[in-house]
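Hi,

Here is the structure I promised to pass on. Have a look at it first, and then read my notes below with the viewer open.

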Amino acid sequence: MGGGNSRILRHLYNRYDCWNIDKLEGVGFGPKGLKDAPYKLIRDYMGNFNKELPDNYFDLVFSISALEHVPPNDQKIHGDIIDDINRVLKPDAYSLQLLDIVIRFDGGAWINGIGPRMFERMDTLNSFIPYGEVVDDPDLYCMSEKAYLNYIFKFAKKSYREFGRMTSMNILWQKSVVEID
């Protein structure tokens, strides 16, 4: 989902049936077009229930640094995205969503509300960790200042100390075999 010119799909498409759903509108500094995508591209957003994406078809639906760009507090959109992911997953298949979070140097943290919403709605295989515990974890990997300056600064236009340390919240669930209404 939202992979643009996905390096991961380019690596996997020879061995797997790979699809990408991305409206290619440049949201979050993403691409506005693709050249020679070797995988099937659906120009839409997950959550719109696009019928080009078949029901109960995919073994894995994943996103990397995409869902933090959806409206942060819109519970309806969040629910639609979660329901649409489950619609296209086969029974027993997996959803892995990696959302950027920012840990500020003042001790606060920012994450799009869809992340906690997924933990609330889904029986995830990993647990939600409260922000206070994340901020204080000495083993947490965060983007280095050098990487931030090389990749993010040109978009964010803030110093590393003003912006914060980027890391990822990973949310993994397996679709149940029996759908419960």
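For the first item you need one cut-off: a charge sits over a ring if NZ of Lys or CZ of Arg is within 6 Å of the ring centre and within 35 degrees of the ring normal. Lys40 fits, as it lies over the face of Trp19 at 5.3 Å from the ring centre. Arg165 does this with Phe105: its charged end sits over the ring, 5.7 Å from the centre. Please keep in mind that this is a predicted model.

**Aromatic rings**

A pair of aromatic rings is described by the distance of the centres and the angle of the planes. Rings pair if their centres lie within 6.5 Å, and by this rule the count comes to seven aromatic pairs. One of them is Phe119 with Phe128, an edge-to-face pair with 5.5 Å from centre to centre and 65° between the planes. Phe119 counts as buried because its relative accessibility is 13%, whereas Phe128, with a relative accessible area of 33%, is partly exposed.

Then there is Tyr148 with Tyr160. Their ring centres are 5.6 Å apart and their planes are at 55°, so this pair is tilted. The pair links distant parts of the chain: Tyr148 sits in helix α5 (residues 145-151) and Tyr160 in helix α7 (residues 160-163), 12 residues apart. Are these two tyrosines, Tyr148 and Tyr160, buried or exposed? Both are buried. Together with Phe105 and Phe163, Tyr148 and Tyr160 form one aromatic cluster, and Phe105 is the ring that has the charged end of Arg165 over it.

Helix α5 also holds Lys146. That residue is exposed, because its relative accessible area is 63%. If you want a sense of distance, pick Lys146 and Phe62: they are 84 residues apart along the chain, and their C-alpha atoms are separated by 27 Å.

**The nonpolar cores**

The largest nonpolar core has 30 residues, and those with the most contacts inside it are Met46, Leu53, Leu67, Ile85, Met118 and Trp173. Seen by element, two or more residues come from each of β1 (19-21), β3 (58-64), α2 (75-88), β4 (89-103), α3 (114-121), α4 (131-135) and β6 (165-174). Which element gives the most to this core? That would be β4, with five residues.

Leu67 is a good residue to click on here. Leaving aside its neighbours within four places in sequence, Leu67 is in contact with Met1, Ile81, Gln97, Leu99, Asn112, Ile114 and Met118. There is also a second, separate core of seven residues, which includes Val102, Met143, Ala147 and Tyr160.

**Helix α2**

This helix is a nice one to check by hand. At 1.5 Å a residue, the 14 residues of α2 should span 20 Å, and its end C-alpha atoms are indeed 20 Å apart, so the two agree. The helix is mostly covered, with 10 of its 14 residues buried. Among them are His78, Asp80, Asp84, Asn86 and Arg87, along with Ile81, Ile82 and Ile85. The buried residues of α2 pack against β3, β4, α3 and β6. At the start of the helix, a side-chain oxygen of Asp74 reaches to within 3.1 Å of the backbone nitrogen of Lys76.

**Two buried polar residues to look at**

Start with Thr167, which is found in strand β6. At 11% relative accessibility, Thr167 counts as buried. A polar atom of its side chain lies 2.7 Å from the backbone oxygen of Tyr141. Beyond four places in sequence, the contacts of Thr167 are Leu99, Asp100, Ile101, Ile103, Leu140, Tyr141 and Cys142.

Asp100 is in strand β4. Asp100 is buried because its relative accessible area is 16%. Not counting residues up to four places away in sequence, Asp100 touches Ser65, Glu68, Trp110, Ile111, Met166 and Thr167. With Ser65 there is a polar contact of 2.8 Å between the two side chains. Gln75, by contrast, is 25 residues from Asp100 in sequence and 19 Å from it in space, C-alpha to C-alpha.

Shout if anything looks odd on your screen.

Cheers

Conventions:
Residues are numbered from 1 along each chain as its sequence is written. This is a predicted model: local features need pLDDT of at least 70, side-chain atom pairs count only at pLDDT 80 or more; totals for chains, interfaces and linings use all residues. Side-chain values use heavy atoms; hydrogens and water are left out. Rings of Phe, Tyr and Trp (its six-membered ring) pair if their centres lie within 6.5 Å; planes under 30 degrees apart count as stacked, over 60 as edge-to-face and the rest as tilted. Buried means under 20% relative accessible area, exposed over 50%, partly exposed in between (1.4 Å probe, protein chains only). Helices (H or I, at least four residues) and strands (E, at least two) are DSSP runs, numbered from the N terminus. A nonpolar core is a set of buried Ala, Val, Leu, Ile, Met, Phe, Trp, Tyr and Cys residues joined through side-chain atoms within 4.5 Å. Contact means heavy atoms within 4.5 Å. The expected span of a helix is 1.5 Å times one less than its number of residues. A polar contact is a pair of N or O atoms within 3.5 Å; within protein, one must be able to donate a hydrogen and the other to accept it, and residues adjacent in sequence count only if both atoms are side-chain atoms.
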